[in-house]
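Reader: Please take one part of this model and go through it closely. I would like the cut-offs behind each term as it comes up, and the surroundings of the part as well.

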Amino acid sequence: MVGGVVLASLSPALGPLLVAGLLLVAAGLAKLDRSAPTALALARAGLRVPDGAVRALGVVEVAAGLAAGGLGGPAGIVVAALYLGFACFTARQVLQARGGEAADCGCFGEAAAPVGWTHVVVNVLLAAGAVAAVVVGADGVAAATGDQPVATLAVLGLAAVAAAGVRALLTDLPAVRALLGPAPGSSKP
């Protein structure tokens, strides 16, 4: 407390929540721009969803991602629920693809990003990070910026780099693996 004012502090739990939020914003904007890859991924899983519903999911993702950054922990429940839903959906996709061609995730508006167990694990970890922010009551960026602007900018920058890395892990790495074919010694043809 300084001069009768309670200073907000950056919680370590805000970082994972920011990463999750930034990924939601990126995925939501992609769905608003190109809903077809997500609609196709849903259709391949047996869920016929109109483009309007995919775009509505994009709006929810953007709103949840922005709320996660701005509000912190209180928005973490919605973020965690979204990522747990994504984990269930991607697990279903992976299990359906056994013995066949890997399904595309459609997460970021890309048709050629094969889904795998990495998707499931990352979604669960992002949900856990969001829950941690809820449990510790992590303040959002809005509360901490006034008191710690440099630290807040650094945390935002690191979260953006981490989110870009996670996005690459989910989309680029599986696409490269698919192009290279099976690993040496693999039992797959």
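**Thr 38 and its surroundings**

Author: Thr 38 is placed in helix α2; a helix here is a DSSP run of H or I with at least four residues, a strand is a run of E with at least two, and both are numbered from the N terminus. The model is a predicted one, in which local features need pLDDT of at least 70 and side-chain atom pairs count only at pLDDT 80 or more, while totals for chains, interfaces and linings use all residues. Residues are numbered from 1 along each chain as its sequence is written, and side-chain values use heavy atoms, with hydrogens and water left out.

Thr 38 counts as buried because its relative accessibility is 6%; buried means under 20% relative accessible area, exposed over 50% and partly exposed in between, with a 1.4 Å probe and protein chains only. Beyond its neighbours within four places in sequence, Thr 38 is in contact (heavy atoms within 4.5 Å) with Lys 31, Val 54 and Gly 106.

Val 54 also appears in the surroundings of Ser 35, a residue of the loop between α1 and α2. With neighbours within four places set aside, Ser 35 touches Asp 51, Val 54 and Arg 55. Ser 35 has a relative accessible area of 2% and is therefore buried. Its C-alpha lies 9.4 Å from that of Phe 108, although the two residues are 73 apart in sequence.

Lys 31, one of the contacts of Thr 38, leads to the second largest pocket, with a volume of about 280 Å³. Of the 22 lining residues, Lys 31, Glu 61, Phe 86, Cys 105 and Cys 107 are the closest to the centre of this pocket. Two or more lining residues each come from α1 (14-33), α2 (36-44), α3 (51-71), α4 (76-97) and α5 (117-136). The largest share, five residues, belongs to α4. A pocket is an open set of points on a 1 Å grid over the protein atoms alone, where a 1.4 Å probe fits and protein lies on both sides within 12 Å along at least five of seven lines; lining residues have an atom within 4 Å of a point. Grid points are joined across faces, edges and corners, and the volume is the space filled by probe spheres set on them.

By class, the lining has 14 nonpolar, six polar and two charged residues. Ala, Val, Leu, Ile, Met, Phe, Trp, Tyr, Cys and Pro count as nonpolar, Asp, Glu, Lys and Arg as charged, and the others, Gly among them, as polar.

Two of the lining helices, α1 and α4, also pack on each other: Leu 17, Ala 20, Leu 23 and Leu 24 of α1 meet Gly 76, Val 79, Leu 82, Tyr 83 and Phe 86 of α4. This contact has eight nonpolar residues, one polar and no charged. The axes come within 11 Å and cross at roughly 65°; they are lines fitted to C-alpha atoms over the stretch in contact, with angles from 0 to 180 degrees between N-to-C directions.

Further along α4 is Val 94, which is buried because its relative accessible area is 11%. Val 94 is in contact with Val 115, Gly 116 and Trp 117, leaving aside neighbours within four places.
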